[in-house]
Amino acid sequence: MARHLKPLVQRWSSRVFSVEVDGAPLYFGIREKLRGPTALPAVFTRLQKEDRCYSLLVCSRDRIRGDRFHWELRDKLLKDLPPGSDVATMSSFLPDEKGSLVKGYFFKSRAEDSPLIEGILSDLEHSDPVLVCSYSQSEDCQQWTQSLWSHAEKNQMKFYVVPSEAPKHHPSALNMINSDVFYSLDEACDVLKKCGDIIPETLSVLRMLPSRVDARRKPDFPVIVIEGLDATGKTTLTEFLRDTLGATLLRSPPQCLSTWRARFDREPPIIRRAFYAVSNYITAEQICQAGAKSPVIVDRFWHSTAAYAIATAVTGPVSNLPHDGSEVYCWPSDLLQPSLVVLLTLDPEERTRRLRNRGLMKTDEEQALDHNKLFRDRVEEAYRRIIGPVCITVDASPSADLVLQQVLLLIRAKCHL
Ligand SMILES: Nc1ncnc2c1ncn2[C@@H]1O[C@H](COP(=O)(O)OP(=O)(O)O)[C@@H](O)[C@H]1O
Ligand SMILES: Nc1ccn([C@@H]2O[C@H](COP(=O)(O)OP(=O)(O)O)[C@@H](O)[C@H]2O)c(=O)n1
């Protein structure tokens, strides 16, 4: 067994395992010994008598390569495994221990497919940074056991599968800082620099950063950011505001990064989010320059970067988000703070109607937004929880002109324009 896996395995039985079923996590734990009969965790109750299960956890020393491998592994499993394997995202973590989350996949197999599957897993285990487990059930189907494979050791380690309490917040929160959300330019740049050899476009993005970044510098004129889910009317409002106030209109990511954006949208979260984080600092520099001459309106900024990242990393209901007041919602100390952030909100029916009228559905994330009410709720709640600056919510359902008047009132009150 690789040396870096040893500490992980030493505390294996203290770990909790989480499998995503129907868009929310289900948990189970493991025990070396059983003191009495125990209930079956929900993950295992829907399985047939002859089913077996497997899990793969990606445990790479290099978190960027590990996340990329995890990202690509899903497609490999979907291609190589027999149909009906129901590949689900899974993770394993030590309760309340930051940084302890490892990500992977969980799937089932019929008994007759096991030799094929075990062949695939054995190859993966030898060539890639994965920990493999198989799960089998007792004759009476009342108890499941987990076997932790280890190709260097002859004996598999066996554990009983037991129910586990759900943690207070989604386990992704344990690894969120500087993996899903970045709180300094240096942390985000560090990720992009490290993947320069696998994604040459990162070097072009980094070249867009000014040579001396002082992204905290406040310009003379007010800076007003407009945020909200897709189709809430940000483009319409920001263009009106530009014309009415004689302002400069900017967006994050800025126009100069548009060639590379789609490339980063195809990458795993750590790389994709680092790209959006860096793009905010490039926009901040543009804000400083424009803000010396006129008010600046910005279409999306750090609120969007953080809220979408947090809401994607977490699954299930809004209560699974990191708690209000958590450090994950804090504005980066090295990034310019706008004078005012307005969050446009819209009821789901009207938003869908506007999306349809516009006739455009873009990223997978936007499609997920449309299909997934829980995701929308998480994004909006994450927007609201961000502090330093907070956002002020404006109902975007009245006519475009009324929304403009409402926001102008806010700007006059808060920015003395
Ligand atoms: N207040 C409004 N009332 C009705 N329709 C609107 C309003 N604001 C925008 N729209 C329309 O809704 C659609 C989405 O607006 P858009 O400004 O592109 O949103 P976003 O930039 O937030 O994605 C567009 O077709 C736009 O014309
Ligand atoms: N400042 C920003 C802007 C967008 N984004 C990401 O980009 C997606 C939406 O941006 P978009 O530009 O397509 O949205 P619209 O301008 O169409 O409203 C979100 O899903 C975010 O993940 C971000 O992370 N940070």
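How many of the 12 residues of α10 are buried? I'll get to that in point 4, after a quick look at the rest.

1. Confidence first. This is a predicted model, with a chain-average pLDDT of 93. A score of at least 70 is reached by 95% of the residues. The model's ipTM is 0.96 and its pTM is 0.95.

2. Now the barrel. It is closed by 8 strands, and going round you meet them in the order β1-β2-β8-β7-β6-β3-β5-β4, with antiparallel pairing. From one strand to the next, the twist averages 30°. For a specific pair, take β7 (residues 144-148) and β8 (residues 157-163): they run antiparallel and share 4 bridges. If you want to find the register, S147 has K158 in β8 as its bridge partner.

3. Next, helices against strands. Helix α4 (residues 114-127) packs on the sheet, where it touches β3, β5 and β6 (130-137). The direction of α4 makes about 10° with that of β3. Helix α3 (residues 63-80) lies across β3 (51-58) and β5 (102-110), and runs at about 15° to β5.

4. Back to α10 (residues 302-313). Here 11 of the 12 residues are buried, so the helix is largely enclosed by the rest of the structure. The buried set is W302, H303, S304, T305, A306, A307, Y308, A309, I310, A311 and A313. In an α-helix there are 3.6 residues a turn, so residues three or four places apart point the same way.

5. One geometry check on the same helix: α10 reaches 17 Å from its first C-alpha to its last. That is close to the 16 Å expected at 1.5 Å a residue.

Definitions and conventions: Residues numbered from 1 in each chain as written. Chains lettered and ligands numbered in written order. Predicted model: local features only at pLDDT ≥ 70, side-chain atom pairs only at ≥ 80, totals over all residues. Pairing = 2+ DSSP bridges. Helix = DSSP H or I, 4+ residues; strand = E, 2+ residues; numbered from the N terminus. Axes fitted to C-alpha atoms, helices over the stretch in contact; angles between N-to-C directions. Contact = placed C-beta atoms within 7 Å. Expected span 1.5 Å × (residues − 1). Buried ≥ 20, exposed ≤ 12 C-beta atoms within 10 Å, placed from the backbone. pLDDT = per-residue confidence, 0-100.
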